[in-house]
Amino acid sequence: MLTTRFVDGAPNWIDLATPDIEGALSFYGPLFGWRFRSAGPDAGGYGFFRSDGKTVAGGMQTGPGQAPPAWTVYFQSEDAEATARTAEQARGSVLFQPLDVMGQGRMAVLADRAGVKFGIWQPGRTRGVDTANEPGALCWVELYTPDIAAAAAFYHRVLGLETSAVPFPGGKYTCVNAAGAGQDEMFGGMVPLADAPAEAEAGPYWLPYFEVEDTDAVTGTAQRLGGTVRMPATTLEGVGRMAKLADPYGARFAVITSESPRT
């Protein structure tokens with residue numbers, strides 16, 4: 001369960017890189033009820049998506065030739081520099097060196113051994129998002145990777161993450177939790193690309209899930225707003241009803257109406 005009782009290794013922030021922040025708001029606003037608030041004139045265009053007065057994500061507009069449209073998941077680190085060094089030692093890479101973010105915390109962007117981008121956030125005045133598992137908020141993250149064993153070893157060394165095989169309709173699912181947290185604190189999973197042909201076309205990546213009250217309604221709204229349905233609404237027994245989508249600029253995400261409340 002993803003919570004805002006943040007611990008090292010667990011997701012504590014997420015943000016969107018998009019070529020058109022106003023266009024993105026025109027999509028995510030009606031979809032999730034989000035509003036956008038600038039972080040101020042010194043933030044380089046960065047701002048916050050908010051729902052019911054709570055920050056659920058960050059976002060910024062990127063220029064030509066900069067990062068492609070995508071969501072980036074950030075994991076909590078008590079020492080951004082040490083985590084970045086460990087990622088390199090584990091045969092990953094540092095895409096964006098650690099830096100201070102106006103006293104709010106320290107961040108860096110890394111890549112795992114398969115080239116999957118992810119962020120780390122060392123809390124300062126800002127610990128992370130204000131809410132999780134509520135409608136319109138992050139509730140789960142999922143890694144699509146060519147090698148589960150290699151990915152599990154990398155993230156265990158770098159973030160202390162632990163994995164476990166959980167029975168799942170049709171087989172087993174590799175779940176992820178922070179070090180020592182146990183299965184009750186699972187916040188994500190890992191899926192081999194060989195089992196997800198549609199994902200394999202785009203390569204490995206972290207997929208964020210947002211909780212919604214009605215997956216079918218949200219999927220229909222996403223289509224009307226120019227988004228793409230990458231996987232139609234599907235019910236998984238014991239889990240919920242989910243769909244995989246992309247916004248009009250290609251940033252991939254998923255939505256789920258959980259069978260059991262995740263709060």
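This section describes a sheet and the helices that accompany it in a predicted model.

Eight strands assemble into an open sheet, arranged in the order 2-3-4-1-5-8-7-6 with mixed pairing. Its edges are formed by strand 2 (35–38) and strand 6 (93–100), each of which pairs on one side only. Neighbouring strands of the sheet are turned against each other by 30 degrees on average, direction ignored. Within the sheet, strand 1 (residues 11–18) and strand 4 (residues 54–61) run parallel and are joined by four bridges. Leu16 is positioned opposite Gly59 in strand 4. Helix 1 packs on this sheet, where it touches strand 1, strand 2, strand 3 (47–51), strand 4 and strand 5 (70–76). The direction of helix 1 makes about 130 degrees with that of strand 1.

Helix 2 (residues 80–89) lies across strand 6, strand 7 (105–111) and strand 8 (117–123). Relative to strand 6, helix 2 runs at about 175 degrees. The buried residues of helix 2 are Ala80, Thr83, Ala84, Thr86 and Ala87. Viewed down the axis of helix 2, these buried residues fall within an arc of 160 degrees and therefore line one face of the helix. Their packing partners are strand 6, strand 7 and strand 8, together with helix 3 (148–159). Both ends of helix 2 show further local features. At its start, a side-chain oxygen of Asp79 comes to within 3.2 Å of the backbone nitrogen of Glu81. Just after the helix, Arg91 adopts a positive phi of about 75 degrees.

Helix 5 (residues 215–224) contains the buried residues Thr215, Val218, Thr219, Gly220, Thr221 and Ala222. These buried residues pack against helix 1 (21–32) as well as strand 14 (228–236), strand 15 (240–246) and strand 16 (252–258). Helix 1 is thus a partner of helix 5, while it also packs on the sheet described above. The N-terminal end of helix 5 is capped by Asp214, a side-chain oxygen of which lies 3.1 Å from the backbone nitrogen of Asp216. Just after helix 5, a positive phi of about 95 degrees is found at Gly226.

Terms used: Residues numbered from 1 in each chain as written. Predicted model: local features only at pLDDT ≥ 70, side-chain atom pairs only at ≥ 80, totals over all residues. Heavy atoms only, no water. Buried < 20%, exposed > 50% of the residue type's maximum accessible area, 1.4 Å probe, protein only. Helix = DSSP H or I, 4+ residues; strand = E, 2+ residues; numbered from the N terminus. Contact = heavy atoms within 4.5 Å. Polar contact = N/O pair within 3.5 Å; in protein donor to acceptor, adjacent residues only side chain to side chain. Pairing = 2+ DSSP bridges. Axes fitted to C-alpha atoms, helices over the stretch in contact; angles between N-to-C directions. Arc of directions from axis to C-beta.
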